[in-house]
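Q: Could you take a close look at the ligand site for me, and then walk me outward from there into the rest of the chain?

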Amino acid sequence: MQLQSFIAGHWVSGIGRMSALCDATTGELIANASSEGLDFSAMLEHARRVGGTNLRRLTFHERAARLKALAKYLTERKEALYDLSYATGATRADAWIDIDGGIGTLFVYASKGMKELPDGRVYLDGPVESLAKGGNFVGQHIYVSLEGAAVHINAFNFPVWGMLEKLAPALLAGVPAIVKPATATAYLAARAFRQIVESGLLPEGAVQLICGGVGDLFEHLTCQDVIAFTGSASTARKLRTHPRVVDRAVRFTAETDSLNSSVLGPDAVTGTPEFDLFVREVVREMTVKAGQKCTAIRKAIVPAGECAAVLEALRAALAKVVIGDPRAESVRMGPLASLAQRREVLEQLARLQRESATVCGQGELMLAGADAERGAFVAPTLLHCNDPQGAQAVHEVEAFGPVSTVVPYRTVDEAIDLARRGEGSLVGSVFSADDAIAAGLVLGLAPLHGRILVVNRHCAKDSTGHGSPLPHLVHGGPGRAGGGEELGGIRGVLHYMQRTAVQGTPDLLTAVTGRWVGGSRELDPLVHPFRKTFGAVRIGDTFRSGEREVTLEDIERFAALSGDHFYAHMDEAAARRNPLFGGRVAHGYFLIAAAAGLFVDPPLGPVLANYGIDGLRFTQPIRPGDRIRVRLTCKEKSLRIGQGYGEVRWDTQITNHNGLTVAQYDVLTMVSERDMPDAPPP
Ligand code: NAP
């Protein structure tokens, strides 16, 4: 079977010399791939003209809804992916990380898109900046979608996750993607991609696929395109210095190879839960995906006094790992993805072995249901580097397979130093129940790590593990790890957007952002906005209340009701000594309650519920005899698609009789799309 690329809505076969893609266990041919003869310029043009235009027509919430539907669609068809995944050498547990992990990433981005992005196309960065006295000239940072294509170049080890973890943030940002999976396992990525196309859930042009090389694609990139690369540091270097990338300042993110460490704390001696957890984690990181994880533990840094015990515990645990055909249920570790990878790993391993002793992994491989000659098998190999200060290779060489080196340390500072000698890593972990020691390690490691995991007996059961990047947290690292960042929730979306500082009047900013900015025009003061349905409420609709005096009796009744008898409200003599108040003042929470009494419109209507307050600040005390009034302005709306209601955010300001702001906050309500709720009140 020849793998096809997907270009401008059509499946297309390349011509010329084919790469043969083989089953990692049996060596049988699975597919051929070539992208020669494809029109890469047309691909970019289609992404920009059709895909980008279609995606940018949708709001963040509409894009998020499509991601969620896609995640459900793929979930229903994932067994076909699991079946094919065995050919890459993955066990079912390995494939779970790749396939369910990838689909899970889509779900998380869909959910975050709904909850953390506005129901619009512009994302706001930070608050409005006041740029002149009088408030008529203000500034706001906004993010808008780039108008180019996201070029996703992926590594061979996670063909499905690697594709979906890049697609989710790009599509949410409104940027179409051109996916180029690593050729060795492109058959699995292509199968998942075909499902995406068949779902019909993404707009035309949103995704395209290259099976094979990228040809002259880079020659046609512009500053509106983004390259997100995962793979080796040497390829990253080649691509980020491509003349076109340099000339046009094309955005380039790289996740490259990384020497990750795990540190066993000095407190975590033999017999402690942390010691056992550390051993389990190192074994897991060596054997999951046969160690072909960019995040795997390459250096296990342990107290010198525990070194012998750690080596023995790891050796014993590794001896129990069943290696063989990943289709067999008893097998815990399959082969590497290809014979080429095995050659590469064995070469790197030989470099490490020049400086480190081999504790286990040498000798004949005992395989379950597989032939060592045909499959790309490498035994889990544990090394011991007794002189990590003098050694070089252990700090430089990544054997991208089931290989780890145990490294002893004498002081915590030395442990930090040894981990930092990876010169930039994706992840580090610490196993310690002493939070002071662990905190010192975290702060010492942080400048050179993208993510740090601390495990102890209290969180081990819930820990997501050293090697698992999560969509909520950044994945990436400085220096050798590529200097890039992916995922991290909405941070990952912003890589595909342009940040622009906009200056002008408040009304201009309201028009640009779709969010009411203080000082902008107030609309419809005559109709109470709580009488309006979700669709009828407009940004800027304002209600201004009448006045209410706050009395001493109010304060005392509120204290009795709430049980809050704080001296500043209840004891005149004590309150006089308070430098901020100089006498009794009303409870802040009373003011919020009294404000609701001033702005609420009581009869049954489209407002269904008040579900919270954001950003509450009390800025002036209110004394007995002072008078307050409230302004409520519709600031932002967000429809909950398919639920019959939406969220309305009201900019709320309480002022005193001198016009000074007493409290400022956002009231959040759920407002029905219909005039009255359908169901009669209970
Ligand atoms: P690689 O050779 O750099 O390949 C990575 C990707 O780049 C593949 O899709 C490859 O396509 C493509 N590529 C290679 N040369 C290219 C070129 N001249 N122009 C455009 N694309 C090109 O990496 P690898 O050796 O397969 O992968 C293993 C490495 O990736 C390991 O070192 C590992 O640490 C790193 N990795 C890092 C992460 C991470 O998240 N940081 C994750 C996984 C792996 P072809 O397959 O068609 O050559």
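A: Here is the ligand site, followed by the domains, one strand and a few single residues.

A word on the ground rules: this is a predicted model, in which local features need pLDDT of at least 70 and side-chain atom pairs count only at pLDDT 80 or more, while totals for chains, interfaces and linings use all residues. Residues are numbered from 1 along each chain as its sequence is written, and side-chain values use heavy atoms, with hydrogens and water left out.

Start with the shell. There are 24 residues around the ligand, and N154, T183, S232, T235 and E398 come nearest; a residue counts as near if one of its heavy atoms lies within 4 Å of the molecule. By type, the shell splits into 11 nonpolar, 9 polar and 4 charged residues. Here Ala, Val, Leu, Ile, Met, Phe, Trp, Tyr, Cys and Pro are the nonpolar ones, Asp, Glu, Lys and Arg the charged ones, and the others, Gly among them, polar.

Now the N and O atoms, where a polar contact is a pair of them within 3.5 Å. The side chain of T183 puts an N or O atom 2.4 Å from a ligand oxygen. N154 uses its backbone instead, with an N or O atom 2.7 Å from an oxygen of the ligand. E255 also comes in through a backbone N or O atom, this time 3.4 Å from a ligand nitrogen. On its own the ligand has 910 Å² of accessible area, and the protein covers 79% of that (Shrake-Rupley method, 1.4 Å probe). Strand 10 (226-230) and helix 7 (233-240) are the elements that give two or more residues to the shell; helices (H or I, at least four residues) and strands (E, at least two) are DSSP runs, numbered from the N terminus.

Zooming out, the chain is assigned domain 1 (5-120 + 149-255), domain 2 (260-470) and domain 3 (522-672), with bounds from an automatic or database assignment. The ligand shell takes at least three residues from each of domain 1 and domain 2. Between domain 2 and domain 3, the C-alpha centres are 56 Å apart.

Next up is strand 17 (residues 381-384), covered on both faces: T381 and L383 are buried on one side, L382 and H384 on the other. Buried means under 20% relative accessible area, exposed over 50%, and partly exposed in between (1.4 Å probe, protein chains only). Strand 17 runs antiparallel to strand 15 (residues 357-360), with 3 bridges joining them, and parallel to strand 18 (residues 403-409), with 4 bridges. Two strands pair if DSSP finds at least two bridges. L382 is the bridge partner of C360 and also of S404 in strand 18.

Two residues other than glycine have positive phi. A249, near 50°, sits in the loop between helix 8 (243-247) and strand 11 (251-255) and is exposed because its relative accessible area is 55%. K289, at about 55°, is in the loop between helix 9 and strand 13 (297-303), yet it counts as buried because its relative accessibility is 4%.

Lastly, T270 lies in the loop between strand 12 (260-264) and helix 9 (273-287). Its relative accessibility is 48%, so T270 counts as partly exposed. T270 and A313 are 43 residues apart in sequence, with their C-alpha atoms 9.7 Å apart.

Methods
Polar contact = N/O pair within 3.5 Å; in protein donor to acceptor, adjacent residues only side chain to side chain.
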